[in-house]
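Me: I'd like to learn how to read a structure feature by feature. Could you walk me through one?

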Amino acid sequence: MRPFTGVERDYDENRRRNDLPSLTGLRFFAALLVFFAHASLLNNPLDLTGPVNFYADDDIARGMADFFEPAGYVGVSFFFVLSGFVLTWSWSRKKTNSAGSFLRRRLVKVFPNHLVAWAVVMWLYAGAFTPMRAWLPNLFLLHSYSWRPDISSSVNVPAWSLCSEVLFYLLFPLIIGPLTRIADRRLWLWAGGMVAGIAAVALVAKYLIPSGQSFPLAPLPMTKMWFAYLFPPARLFEFVLGALLARIVAAGRWPRVGAVPVLLLAAAGYTAALNVPAPYDFSLTTVVPIAAIICTAASADLRGERGLLNGPVMVWLGTVSFGFYMIQAVPIFYGRLHLFDTHTYGFLTATALLVLLFAATLLAGWLLYRFVETPVMRRFGRGRRDRTPIPAVPAQQPGPVPAPTPAPPGTSL
């Protein structure tokens with residue numbers, strides 16, 4: 001038998017841990033959306049006088065920036081919904097559930113990558129201008145509770161979303177009980193209520209939250225931007241929606257939908273995001289397409305269908321996507337500025353540099369996964385009770401399919 005390559009080995013381990021590999025593959029596409037949103041910026045957060053975007057042609061550069069502006073919002077919303085789905089799915093498969101062991105696994109998953117990325121960013125550039133009042137709450141993932149942009153967007157910018165994830169983890173053992181007691185026939189009603197809650201957050205931010213100072217890279221005054229996008233409690237509706245979707249799929253109440261209608265729905269949602277003002281483009285226009293993508297992919301996995309998303313390459317990319325997301329500010333903002341200054345280039349050279357930027361970010365993400373995330377999870381991610389194998393159930397059954405170990409790869413970004 002020929003030996004495994006690195007990609008095949010990670011894929012094989014992932015399949016043993018996770019019976020919904022397409023969701024792991026989808027994680028990479030969500031992380032890629034965030035990457036393109038940042039790599040297309042016309043102003044570098046580290047030097048607002050110069051761009052991140054490599055293209056000298058203003059029509060191309062501005063067209064990319066406009067097209068990918070909602071992409072980061074979509075990627076983050078996708079991660080929040082997916083987090084609720086996967087945690088609920090995993091919880092329902094276990095013979096025993098302990099809030100303590102759950103929180104240990106989730107925090108061990110999140111904090112090591114965060115701490116390494118935080119230290120790298122502080123060492124390279126943020127330490128020179130970030131006061132303690134900003135870097136200390138950032139270190140403990142509390143910074144997005146502040147509406148002040150010098151705190152909420154401090155140090156490693158992508159880490160703001162982890163403040164929401166940590167809140168989700170802390171609340172999950174408290175809310176999973178009531179969620180599991182909702183009658184199957186009422187799941188769709190509750191899911192609709194979560195979408196209504198997302199709309200309510202946008203309306204409150206638009207009309208009730210007072211305007212504060214503006215920030216060049218933000219589409220709204222920072223107080224409104226903070227409440228609608230950064231404030232962790234406001235993102236709970238997406239997380240709970242994901243949890244309800246997991247129950248809908250497990251109960252066999254998700255209709256069988258083909259890939260083409262789901263892709264058309266996703267295109268319609270993204271087109272709407274391109275054309276509506278903030279804060280409606282943060283998640284409201286795309287959360288239903290996100291739900292459809294996740295549930296359709298999960299249902300296809302349960303039917304045993306094979307495709308691009310659950311193949312070894314996409315599963316590997318999804319597995320390293322957390323590191324890819326966490327470290328991207330270093331190559332995109334710092335690396336671009338210090339290696340290429342504010343220079344822009346013709347189409348071919350700019351495209352080649354964009355590919356190089358992606359490759360550097362992917363390599364850095366893999367290094368985090370390989371040398372930080374994996375060894376720490378192996379050492380601290382599972383207690384004795386978690387090591388007991390759970391017998392497999394055929395994938396054709398409508399309910400959640402137990403996996404040999406209780407938790408799929410983390411979905412926190």
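What follows is a talk through the fold, the core, the pockets and a few single residues.

Me: Where do we start, and how many helices and strands are there in the protein?

Reply: Start with where the coordinates come from: this is a predicted model. Then take the secondary structure, where the protein has 17 helices and zero strands. Next, look at burial: of its 413 residues, 55% count as buried.

Me: What share of the contacts joins residues at least 24 apart?

Reply: Here you set aside the contacts between sequence neighbours. Among contacts between residues at least 6 apart in sequence, 79% join residues at least 24 apart.

Me: On to the core. Which residues touch the most other members of the largest nonpolar core?

Reply: For a core, you look for buried nonpolar residues joined through side-chain atoms within 4.5 Å. The largest one here has 120 residues, and Leu23 and Phe85 touch the most other members. Helix α4, residues 71–93, gives this core its largest share, with 14 residues.

Me: And what does Leu23 touch, leaving out residues up to four places away in sequence?

Reply: With those left out, Leu23 is in contact with Leu82, Phe85, Val86, Ile294, Ala297, Ala298 and Asp301. So the two residues named for the core also touch each other.

Me: How many disulfides does the count come to?

Reply: Zero, by the sulfur distance rule. As for individual cysteines, Cys163 counts as buried because its relative accessibility is 1%, under the 20% cut-off. Cys295 is buried too, at 0% relative accessibility.

Me: Now pockets. How do you find the empty space?

Reply: Rolling a probe the size of a water molecule over the atoms shows where empty space is left. In this model, the largest pocket holds about 1,200 Å³ of space. It is lined by 45 residues, and Leu41, Pro45, Val157, Phe215 and Leu217 are the closest to its centre. Elements giving two or more residues to that lining are α2 (21–39), α3 (58–68), α4, α7 (149–152), α10 (222–230) and α16 (329–340).

Me: What is the make-up of that lining by class?

Reply: Sort the lining residues into three groups: 32 are nonpolar, eight polar and five charged.

Me: And what about the second largest pocket: what is its volume?

Reply: Its volume is about 940 Å³. Of the 36 residues that line this pocket, the closest to its centre are Leu26, Val262, Leu263, Ile293 and Leu309. At least two lining residues come from each of α2, α4, α12 (259–275) and α13 (287–302). The largest share, nine residues, is from α12. By class, the lining splits into 24 nonpolar, eight polar and four charged residues.

Me: Let's finish with single residues. Why does Phe371 count as exposed?

Reply: You compare relative accessibility with the cut-off. Phe371 is exposed because its value is 51%, and exposed means over 50%. Phe371 sits in helix α17, residues 347–380. Its C-alpha atom is 9.8 Å from that of Asn113, although the two are 258 residues apart along the chain.

Me: Is Arg247 buried or exposed?

Reply: Arg247 is buried, because its relative accessible area of 15% falls under the 20% limit. Arg247 belongs to helix α11, residues 236–250. Not counting residues up to four places away in sequence, Arg247 touches Thr88, Leu179, Thr180, Arg181, Ile182, Asp184 and Leu187.

How values were computed. Residues are numbered from 1 along each chain as its sequence is written. This is a predicted model: local features need pLDDT of at least 70, side-chain atom pairs count only at pLDDT 80 or more; totals for chains, interfaces and linings use all residues. Side-chain values use heavy atoms; hydrogens and water are left out. Buried means under 20% relative accessible area, exposed over 50%, partly exposed in between (1.4 Å probe, protein chains only). Helices (H or I, at least four residues) and strands (E, at least two) are DSSP runs, numbered from the N terminus. Contact means heavy atoms within 4.5 Å. A disulfide is a pair of cysteine sulfur atoms within 2.5 Å. On a 1 Å grid over the protein atoms alone, a cavity is a set of points where a 1.4 Å probe fits but cannot get out, and a pocket is an open set with protein on both sides within 12 Å along at least five of seven lines; lining residues have an atom within 4 Å of a point. Grid points are joined across faces, edges and corners, and a volume is the space filled by probe spheres set on the points. Ala, Val, Leu, Ile, Met, Phe, Trp, Tyr, Cys and Pro count as nonpolar, Asp, Glu, Lys and Arg as charged, and the others, Gly among them, as polar.
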